Amino acid sequence: MDVQSDECIENNESEGEHEYMIMLFYIYTVIEGVADNITFQKNLCEELFLKGRIRVSIEGLNVVLSGTKSNLQCYENRLLAHLNGTVTSQDLDVKYCPLRSDIPASKQLFDYLSIKETKDLVSLEDQLGDEETNAFKPAPHLSPKEWHEALQSATTEDSIIIDARNVYESKIGYFTTPFQDGCGAPTLLTNTRRYSQLPPILKESIHHLAGKNIYMYCTGGVRCEKVSQYVQKLANSDDWIGEKPKVFQLKGGIQRYLETYGHVEADNVGDESSDQIMHKSDCNFSQSCLFQGKNFVFDQRRFDPQLGVGTVGACNMCSAPHSDYDNGHSPSENREARCYRCRILVLICSSCREKVVCAGEELSQGKIRVFCGPSGTQCINEGNDFHFELKRHVRIIP
């Protein structure tokens, strides 16, 4: 299908104010002509001045783009037409994400367009393992409201939460459960550096998962699709011991949940006062929001301005409340703190940042190297020995 001109096209480089946003979605649907789809995507994005990352697989699309809201909406409409009615707008479930207010919009937009063919939308295992996992259907989706209600009634005895993200994501935000009779449902923090490290950790956790209601979440939902399939494969394998679990996943991930229960960041608000921020439009925000902290994202914003309650991050050196990897700078400036050895993101407050040297920086007199381990003294990635944590993130809901 040829790309047709559209009256709604806005040139990002033209003068005037436009509402820029980040578009985020994935869709599992058979793409019969992957090469043709890549050509279509390239032509359409260039015409609409959109940049970002698109992964095209025979099993579907995984997309994150930046541009004007009008052009992003044009992209969605034209994509639906190109797919010839095989999917609907509801199937795409496109998330239109706002930019942060504390850094310039121009520094939050992608400056490149990358469109690649991949075997899988997200790859959890080796080729053979993924094929076995794909034999199982993804777990049922819970809407933000259903998820909220499920976590409110979840207990240690019957439920467990799985955070399917990486360690540096969960450091600045995670789901909590209400404080009930001294405890709430625990969260399995996998502490992975990359997605493909999940399988062995889940295998080690079988005794925690057996017979439980498993509630899993990630940023936008795509990673949970595959993880929920893997858990079901594991539960049907010879490795499994005990009762089979019931697995559920959060539809639309943290992003959709915070659109319903979160609040929008205020201009120039520091970590210490984020508990007092009110939703600018005073719509859905409630202190009953079960997500605490920030939603880490893989674009030039670093975190989405839709926030949960309070601050959960802490400086790795002095333990002061801190949840900004970039210390007030735009992520595009590449001034974030990273472990001197393994280069993983590390939370270092502005005061401590002046005293340390991170990966990629020259060692100078009076400064010390900072690492990702406790107190920043050593790298916990040495030997690649990863261990999960079982934590009870609970809070008293007013």
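**Group meeting: strands, a pocket and one arginine**

The chain I am presenting today contains eleven helices and 19 strands. Please keep in mind that this is a predicted model. Of its 398 residues, 55% are buried. If we take the contacts in the chain with a separation of 6 or more, 75% of them are accounted for by residues 24 or more positions apart.

Let me begin with the open sheet. Five strands form it, in the order S4-S1-S3-S2-S5, and the pairing is mixed. The edges are held by S4, residues 95-97, and S5, residues 113-117; each has a single partner strand, so one side of each is left without a neighbour in the sheet. From one strand to the next, the twist averages 15°.

Within this sheet, I would draw your attention to S2, residues 51-57, and S3, residues 60-68, which pair in the antiparallel sense over seven bridges. On S2 and S3 you can find Arg53 standing opposite Val64.

Two helices lie across strands of this sheet. Helix H1, residues 34-47, lies across S2, S3 and S5, and runs at about 170° to S5. Helix H9, residues 222-235, lies across S1, residues 20-28, and S3, and its angle to S1 is about 25°.

Several of these elements return when we turn to the second largest pocket, whose volume is about 610 Å³. The pocket is lined by 28 residues, and the closest to its centre are Leu24, Arg53, Asn62, Val222 and Phe298. Which elements give two or more residues to this lining? They are S1, S2, S3 and H9. S1 provides the largest share, four residues. By character, the lining of this pocket divides into 14 nonpolar, seven polar and seven charged residues.

I now move to strand S7, residues 159-163. Is S7 largely enclosed or largely open? Five of its five residues are buried, so S7 is largely enclosed by the rest of the structure. As a reminder, in a regular strand the side chains alternate between the two faces of the sheet. In S7, Ser159, Ile161 and Asp163 lie on one side and Ile160 and Ile162 on the other, and all of these are buried, so that both faces are covered.

What are the pairing partners of S7? With S11, residues 213-217, S7 pairs in the parallel sense over five bridges, and Ile160 stands opposite Ile214 in S11. With S10, residues 187-189, S7 is joined by three bridges, and these two strands also run parallel. Here Asp163 stands opposite Leu189 in S10.

My last point concerns a single residue, Arg256, which is found in helix H10, residues 253-261. Is Arg256 buried or exposed? Its relative accessibility is 18%, and because buried means under 20%, Arg256 counts as buried. Leaving aside neighbours within four places in sequence, Arg256 is in contact with Asp93, Val94, Lys95, Pro144 and Lys251. One of these, Lys95, belongs to the edge strand S4, residues 95-97. Ser143 is 113 residues away from Arg256 along the chain, yet the C-alpha atoms of Arg256 and Ser143 are separated by 8.5 Å.

To close, I would return to two points. S7 is largely enclosed, because five of its five residues are buried. The second largest pocket draws two or more lining residues from each of S1, S2, S3 and H9. Thank you for your attention.

Note on methods: Residues numbered from 1 in each chain as written. Predicted model: local features only at pLDDT ≥ 70, side-chain atom pairs only at ≥ 80, totals over all residues. Heavy atoms only, no water. Buried < 20%, exposed > 50% of the residue type's maximum accessible area, 1.4 Å probe, protein only. Pairing = 2+ DSSP bridges. Axes fitted to C-alpha atoms, helices over the stretch in contact; angles between N-to-C directions. Contact = heavy atoms within 4.5 Å. 1 Å grid on protein atoms, 1.4 Å probe; cavity = no way out; pocket = protein on both sides within 12 Å on 5 of 7 lines; lining within 4 Å. Points joined across faces, edges and corners; volume = space filled by probe spheres on them. Nonpolar A, V, L, I, M, F, W, Y, C, P; charged D, E, K, R; others polar.
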